[in-house]
Protein chains: 2
Amino acid sequence: MAYEQLELRHQLCFRLYTASRLITQAYEPYLKALGITYTQYLVLLVLWEKDNQPVNDIGKKLLLGINTTSPLIKRMEVLGLVARHGNDADKRQQLVYLTPKGKQMKEDAANIPNCLAKQMLKSGVAPEEMFKMIPLLDEFISKMSTKEKQDTIE
Amino acid sequence: MAYEQLELRHQLCFRLYTASRLITQAYEPYLKALGITYTQYLVLLVLWEKDNQPVNDIGKKLLLGINTTSPLIKRMEVLGLVARHGNDADKRQQLVYLTPKGKQMKEDAANIPNCLAKQMLKSGVAPEEMFKMIPLLDEFISKMSTKEKQDTIE
DNA sequence: TTGTTTTATATCGTGCGCGATAAAAATATT
DNA sequence: AATATTTTTATCGCGCACGATATAAAACAA
């Protein structure tokens with residue numbers, strides 16, 4: 001058969017896409033209990049580490065554009081998890097900070113990583129195999145996330 | 001610091017999510033030239049391997065639900081890439097098949113995997129490192145994609 | 001200072017993913 | 001045969017991701 005390179009089983013991209021969706025789905029029940037989505041959970045992770053950040057700083061840490069981050073934060077404002085205020089030092093910026101509800105949720109979320117680990121074990125996933133993926137993914141992400149996009153298609 | 005498990009740098013999930021988005025973004029310029037999206041490309045990969053399949057068979061191979069697959073195929077019908085017809089043997093099914101345009105696109109797409117490989121090389125990604133990910137991802141996907149979802153949250 | 005460029009934010013439109021729901025056809029059960 | 005269950009498809013609503021576009025503020029240049 002010709003075009004072997006086009007077979008699904010040869011696609012790294014499809015594997016990453018599928019693995020990403022599967023693990024996000026695994027988080028879903030735990031996040032649903034908190035009333036948040038996976039992406040909102042990521043924003044909370046960032047803010048729990050450092051409160052009061054500009055919208056775009058949060059986006060950059062998640063490798064998301066402002067066009068994703070801005071409406072995302074807005075939905076989280078409606079949920080009462082965060083709020084924002086202007087920055088006098090730079091009037092373009094909106095500083096996002098956690099509300100008491102957003103801070104409280106950290107304690108409710110503290111067990112989620114452990115729950116996920118347990119669930120993966122239960123599904124038969126060996127943790128040491130998953131740990132092997134981490135440096136490979138980090139290498140890939142670091143190399144692929146350089147800002148300059150190719151402008152030539154060869 | 002408490003809650004160390006909640007730090008972004010400890011999250012496998014975030015890495016998979018980011019890596020998936022980055023590689024999909026890398027495909028984008030090549031797919032844009034063909035006028036299709038990444039998910040539509042996946043459907044074409046499936047149909048190029050085996051034409052004339054029920055909607056859900058395509059979805060199952062991509063681990064996508066019928067609620068994703070059905071409108072996806074519909075958009076591809078509008079683009080003139082596929083068409084569908086009822087199955088007399090099972091009147092519930094809609095068999096999806098490639099139009100001449102959809103078949104032709106296989107030749108146009110044949111070079112995409114090679115382009116991606118080149119681009120990753122150019123970005124400094126070592127292919128042998130990426131190959132190491134494949135069995136790990138396959139193991140993860142196979143274990144995590146069992147249909148029965150947990151109904152208990154511990 | 002004035003003009004240009006860059007940066008930070010926001011909005012709009014489109015295409016996913018997926019939970020929820022519905023309807024029709026096939027299959028299994030009684 | 002009649003009923004119940006499962007399977008296949010479809011639709012709706014919502015929240016992303018992201019390209020394109022717009023605006024205001026800051027930084028830079030002439």
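What turn and what shift along the axis lay chain A on chain B? A turn of 180° with a shift of 0.0 Å along the axis does it, giving an RMSD of 0.0 Å (copies are superposed by least squares on the C-alpha atoms of residues with pLDDT of at least 70 in both). That is the relation of a two-fold axis.

## Before you look around

What you have here is a predicted model, where local features need pLDDT of at least 70, side-chain atom pairs count only at pLDDT 80 or more, and totals for chains, interfaces and linings use all residues. Residues are numbered from 1 along each chain as its sequence is written, chains are lettered from A and ligands numbered from 1 in the order in which they are written, and side-chain values use heavy atoms, with hydrogens and water left out.

## Where the two chains meet

Let's start with the protein pair. In all, 69 residues of chain A are in contact with 70 residues of chain B (contact means heavy atoms within 4.5 Å). Together the two chains bury about 6900 Å², and 70% of that is on carbon and sulfur atoms. Buried area here is the accessible area (1.4 Å probe) that two parts lose on being put together, summed over both.

Chain A and chain B share 2 salt bridges, a salt bridge being a side-chain nitrogen of Lys or Arg within 4 Å of a carboxyl oxygen of Asp or Glu. Take Asp138(B) and Arg15(A): their closest N and O atoms are 2.6 Å apart. The interface also has 16 residue pairs in polar contact, both at pLDDT 80 or more. A polar contact is a pair of N or O atoms within 3.5 Å; within protein, one must be able to donate a hydrogen and the other to accept it, and residues adjacent in sequence count only if both atoms are side-chain atoms. On the side of chain A that touches chain B, H1(A) gives the most, with 18 residues. Helices (H or I, at least four residues) and strands (E, at least two) are DSSP runs, numbered from the N terminus. That side of chain A splits into 40 nonpolar, 13 polar and 16 charged residues. Ala, Val, Leu, Ile, Met, Phe, Trp, Tyr, Cys and Pro count as nonpolar, Asp, Glu, Lys and Arg as charged, and the others, Gly among them, as polar.

## Around DNA strand C

Now for the DNA. Strand C is surrounded by 27 residues, and the closest are Tyr17(A), Arg21(A), Gln25(A), Asn67(B) and Arg75(B) (a residue is near a strand if one of its heavy atoms lies within 4 Å of it). Of the strand C atoms within 4 Å of the protein, 71% belong to sugar or phosphate and the rest to bases.

Arg21(A) has a side-chain N or O atom 2.6 Å from a phosphate oxygen of strand C, while a polar side-chain atom of Arg92(A) sits 2.8 Å from a base oxygen. Gln94(A) uses a polar backbone atom, 2.9 Å from a phosphate oxygen. H4(A) gives the most to this surface, with 5 residues.

## Around DNA strand D

Strand D also has 27 residues around it, the closest being Asn67(A), Arg75(A), Arg21(B), Gln25(B) and Arg84(B). H4(B) gives the most to the surface near strand D, with 5 residues, and that surface divides into 6 nonpolar, 11 polar and 10 charged residues.

Which phosphate contacts can you look up? Gln40(A) has a polar side-chain atom 2.7 Å from a phosphate oxygen of strand D. Tyr17(B) has one at 2.7 Å from a phosphate oxygen of strand D, and so does Arg21(B), at 2.7 Å.
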